[in-house]
Amino acid sequence: MARNRVVNISIIYTRAVPSRNEQGEITNWFGTKTEITEQIVAREKLETVQEELRGSLHEIEQIREQQHIAISQAKLGTFRIDGENKIMTSSERLKEIFGYRPDEEMSYEAAVAQISPEHRDRIVQAVKDVFEKGADYDEEYTIISHHDGKKRWVKATGKLYTSEGSPMGHFSGTLFDITEQKEDELRKNDFIAMVSHELKTPLTSLSGFIQMLDLKARKGDQSPSGTIIEKAMNQVRKMTTMINGFLNVSRLESGKIHIDSVRFDMKDLVREIEEETVAANSSHHIIFHPVQTTWVNGDRDKIGQVITNFLSNALKYSPAGTTVQVACVYKEGNSQVSVSDEGQGIAPNDAEKIFDRYYRVENRSMREIAGFGIGLYLCAEIVRRHHGRIWVASELQKGSTFYFAIPVTE
Ligand code: ADP
């Protein structure tokens, strides 16, 4: 075992003091000697400790600052509950998540009361476990926002911090608004359930048609099978369209949708779509007007998809016999295309969300209309990639007008 060698060094402090006569002349010198080894060693130690402390404090400050930046950038709320008196202090962001203004007080009791009843007991117990068992805290739950009464999903994590001076410690942690992720997750689950269901329908008919053909062949029936094959092909086409739609979403999300820009006149594109739609539709009156020349730079096929999507939604969500109007005009430096229908319309709170992925309005009539809630999301992404704007103006029971506008090029 290595041993520290102890070296004894004595440091002596010597001081000479003169003694003077009445005339002020020095007559003698008195010397004092003090051994100050310990003081010096102690002072040196103190200096090193102070130096180290300054270094650590600087580091702590840096870490604190980094944490602070991370917390504010991640929009994390922070809280601290004192173990002794259970008083909670919260950051401004946390208050904001709970629906309070920064200057308002928010007590622990008030925050607990805002937790949705189905989660409340679990969370209260989890907080108890933190204090009583030192358990880690990691919970997701819903709250009702204080001022606006909106429901929000939050994720909170934290733990108990104790020290010698404070055995009861304090429970500190962070809280994060995960409403968007949660809603997206729930919609995604619905979407997967719906996709499976929707794909099953054409598959069932397809297998029916194949069985019919099989039966015919077994019976030696030589009559033409054109109609059955045509019907089977129709189902195949339906499935292909659906699968292409899903593929577009995943392509888009992995950044693989490519915009092939060319210069074209929106008027020509609208006219082309007009011809195709009018020929294929007999249920609605479709009026194309006014259509002005507007030159734009963009992906012609993808912009075409947006117009077709607006149109097919207008036909899908409005009763047969009503009118659908399409217009293409120059407005404030943009080429603006709109599709109006006289259908069921969209409530304002739904109108904000229909361009979100998988979002479908929930009501009885909607349940009878097949759809996946990805059409408008794709439209919005395409328009966004053309630096344009997409929006809807709608009134329930009266109808909706969908718009998009992309910059005109000279
Ligand atoms: P899908 O039609 O496949 O459900 P979309 O993304 O095209 O998906 O549309 C999203 C939702 O917006 C629809 O489910 C519907 O609730 C609503 N919507 C779209 N177009 C209209 C319209 N013209 N009138 C009323 N509601 C519409």
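Hi everyone, let's start at the ligand: the residues of the shell around it divide into eleven nonpolar, seven polar and three charged. Please keep in mind that this is a predicted model.

Which residues come nearest to the ligand? There are 21 residues around it, and Tyr317, Asp341, Arg360, Phe372 and Leu376 are the nearest of them. Three of those names are worth a look for their polar atoms. Tyr317 places a polar side-chain atom 2.6 Å from an oxygen atom of the ligand. Asp341 also uses its side chain, with a polar atom 2.8 Å from a ligand nitrogen. Leu376 takes part through its backbone: a polar backbone atom there is 2.8 Å from an oxygen atom of the ligand. As for cover, on its own the ligand has 530 Å² of accessible area, and the protein covers 97% of that.

Where in the fold does this shell come from? Three elements each supply at least two of its residues: α8, residues 300-316, α11, residues 375-384, and β14, residues 399-407. The largest share belongs to α8, with four residues. If you have the structure open, Leu376 falls inside the α11 range, 375-384.

Now follow β14 away from the ligand, and you arrive in an open sheet. Its five strands come in the order β9-β11-β12-β14-β13, and the pairing is mixed. At the edges sit β9, residues 285-291, and β13, residues 389-395, each pairing on one side only. From one strand to the next, the twist averages 15°.

A quick reminder for anyone who lives mostly at the bench: strands of a sheet pair through backbone hydrogen bonds, and they do this either parallel or antiparallel. Let's walk across the sheet with that in mind. From the β9 edge, five bridges lead to β11, residues 323-331, and these two strands run parallel. If you want a landmark there, Ile286 stands opposite Val324 in β11. The next step, from β11 to β12, has seven bridges and is antiparallel. Here Val326 faces Val339 in β12 as its opposite number. The hairpin of β11 and β12 has two residues between the strands, and in it Glu332 takes a positive phi near 45°. Then β12, residues 334-340, is joined to β14 by seven bridges, again antiparallel. Ser335 has Ile406 of β14 as its bridge partner. That brings us back to β14, one of the elements that supply the ligand shell.

Elsewhere in the chain there is another set of paired strands, with β7, residues 166-177, as a shared partner. How many bridges does β7 make with β3? Six, and β3, residues 77-82, pairs with β7 in the antiparallel sense. For that pair, you can find Thr78 bridged to Thr174 in β7. With β6, residues 151-163, β7 shares nine bridges, and those strands run antiparallel too. Lys155 has Phe176 as its bridge partner in β7. A hairpin through two residues joins β6 to β7.

Last stop, the helix α1. It covers residues 37-73, so to speak 37 residues in one run, and reaches 54 Å from first C-alpha to last, close to the 54 Å expected at 1.5 Å a residue. Just after α1, Lys75 takes a positive phi of about 55°.

That's the tour, thanks for listening, and I'm happy to go back to any of these spots on the screen.

Technical notes: Residues numbered from 1 in each chain as written. Predicted model: local features only at pLDDT ≥ 70, side-chain atom pairs only at ≥ 80, totals over all residues. Heavy atoms only, no water. Near = heavy atom within 4 Å. Polar contact = N/O pair within 3.5 Å; in protein donor to acceptor, adjacent residues only side chain to side chain. Areas by Shrake-Rupley, 256 points an atom, 1.4 Å probe, with all protein chains shown as cover. Nonpolar A, V, L, I, M, F, W, Y, C, P; charged D, E, K, R; others polar. Expected span 1.5 Å × (residues − 1). Pairing = 2+ DSSP bridges. Axes fitted to C-alpha atoms, helices over the stretch in contact; angles between N-to-C directions.
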